Amino acid sequence: MRQTVMIVTALMIALLAVSGFIVAGSVEQMRQITEKNTLMDEMALQVKQQTERADELEAQNGDLSASLETAARERDEALMRQQELAELMAQSDAQRVQEGKEALAGDYDALLLERDTLASDLDALTEERDTLAMELSQAQKALDDAAARSQAASARADELEEQLDALMEESAQTALAYEQRAQEDAQTIETL
């Protein structure tokens with residue numbers, strides 16, 4: 001009987017130990033479950049926040065998509081307008097180039113005509129210059145000849161003047177001699 005009591009006591013001690021282990025395990029498990037629940041609550045809160053953030057991002061994405069479509073449409077319209085403007089500018093440039101060519105052609109023809117006129121005037125002026133140069137040369141030659149004749153005439157005049165002076169002096173001497181002779185003749189006649 002005593003052995004039975006000891007066995008029962010041992011079993012009760014073992015049962016108490018097992019129960020203690022079970023209680024300790026249960027407490028630890030409850031603590032872990034509580035931590036897991038807290039962690040799950042936090043994760044659920046994060047999921048909710050992430051979901052709200054995702055909704056906001058999705059809404060922003062929608063707005064951005066609409067803005068992108070609007071920008072793409074405006075870009076296409078701008079490209080179309082740019083192409084139209086480029087075509088208009090090309091046409092305008094071509095028209096201006098054509099008008100410029102026509103104007104330049106007119107100016108070129110006018111310049112050619114003016115060049116021909118100036119060339120004709122230059123030829124006429126050159127001919128007139130040559131004529132005037134020849135006339136000037138002839139006039140210079142005639143002037144030189146006239147100067148030479150004038151110089152010769154002046155020399156001849158000087159010579160004739162000298163001869164005239166000599167003749168006048170000779171005439172005066174002759175007249176003086178004649179007068180003296182007349183006086184002598186008169187005295188001779190008076191004496192006779």
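**Exercise 1. Classify Arg 53 by exposure, then describe its charged partner.**

Step 1. In this predicted model, Arg 53 has a relative accessibility of 41%. Buried means under 20% and exposed means over 50%. Arg 53 therefore counts as partly exposed.

Step 2. Which residue meets the side chain of Arg 53 in a salt bridge? The partner is Glu 56, with 3.6 Å from N to O. The cut-off for such a pair is 4 Å.

Step 3. Glu 56 has 45% relative accessibility, so Glu 56 also counts as partly exposed.

Step 4. Why can the two side chains pair? Side chains of opposite charge can pair when their charged atoms come close. Arg 53 and Glu 56 are three residues apart in helix H1, so about one helical turn separates them.

**Exercise 2. Count the salt bridges and work through two further pairs.**

Step 1. How many salt bridges does the structure hold? The count is four. The pair Arg 53 and Glu 56 is one of them.

Step 2. Take Asp 116. Its salt bridge is with Arg 115, and the closest N and O atoms are 3.3 Å apart. Asp 116 has a relative accessible area of 42%, so it is partly exposed. Arg 115 reaches 51% and so counts as exposed.

Step 3. Take Arg 129. Its side chain meets that of Asp 130 in a salt bridge, 3.1 Å from N to O. Arg 129 has 52% relative accessibility and therefore counts as exposed. Asp 130 has 40% and so counts as partly exposed.

**Exercise 3. Locate the negative surface patch and place one of its members.**

Step 1. Which residues form the negative surface patch? They are Asp 158, Glu 161, Glu 162, Asp 165, Glu 169 and Glu 170.

Step 2. Check Glu 170 against the patch criteria. Members need over 30% relative accessible area and no salt bridge. Glu 170 has 47%, which makes it partly exposed.

Step 3. Place Glu 170 in the fold. Glu 170 belongs to helix H1.

**Exercise 4. Describe the overall form of the chain.**

Step 1. Start with secondary structure. The chain has one helix and zero strands.

Step 2. Compare the radius of gyration with the globule rule. The radius is 75 Å, while the rule gives 16 Å for 192 residues. The value is well over the rule, so the chain is more spread out than a compact globule.

Step 3. Add the box. Along the principal axes, the C-alpha atoms fill roughly 255 × 45 × 25 Å.

Step 4. Add burial. What share of the 192 residues counts as buried? The share is 0%.

Step 5. Add surface. The chain exposes about 17300 Å², and carbon and sulfur atoms supply 60% of that area.

Step 6. Add charge. There are 16 positive and 41 negative charges, and their mean positions lie 26 Å apart.

**Exercise 5. Set sequence separation beside spatial separation for four pairs.**

Step 1. Tabulate the C-alpha to C-alpha distances.

| Pair | Residues apart | Distance |
|---|---|---|
| Ala 105 and Asp 130 | 25 | 37 Å |
| Ala 94 and Arg 31 | 63 | 89 Å |
| Gln 98 and Phe 21 | 77 | 107 Å |
| Ala 14 and Ala 119 | 105 | 142 Å |

Step 2. Where does Ala 105 lie? Ala 105 lies in helix H1, which covers residues 2–191. Ala 94 is in helix H1. Gln 98 is found in helix H1, and Ala 14 is found in helix H1 as well.

Step 3. Classify these residues by exposure. Ala 105 has 37% relative accessibility and so counts as partly exposed. Ala 94, with 45%, is partly exposed. Gln 98, with 43%, is partly exposed. Ala 14, with 36%, counts as partly exposed.

Step 4. Tie this back to the overall form. Ala 14 and Ala 119 are 142 Å apart, in a chain whose C-alpha box measures roughly 255 × 45 × 25 Å.

Definitions and conventions: Residues are numbered from 1 along each chain as its sequence is written. This is a predicted model: local features need pLDDT of at least 70, side-chain atom pairs count only at pLDDT 80 or more; totals for chains, interfaces and linings use all residues. Side-chain values use heavy atoms; hydrogens and water are left out. Helices (H or I, at least four residues) and strands (E, at least two) are DSSP runs, numbered from the N terminus. Buried means under 20% relative accessible area, exposed over 50%, partly exposed in between (1.4 Å probe, protein chains only). Patches are made of residues with over 30% relative accessible area and no salt bridge: like charges are joined within 9 Å, nonpolar side chains (Val, Leu, Ile, Met, Phe, Trp, Tyr) within 5 Å. Accessible areas come from the Shrake-Rupley method with a 1.4 Å probe; for residues, only the protein chains shown count as cover. Lys and Arg count as positive and Asp and Glu as negative; His and the chain ends are not counted. The place of a charge is taken as NZ of Lys, CZ of Arg, CG of Asp or CD of Glu. The radius of gyration is taken over C-alpha atoms; the globule rule is 2.2 Å times the number of residues to the power 0.38.
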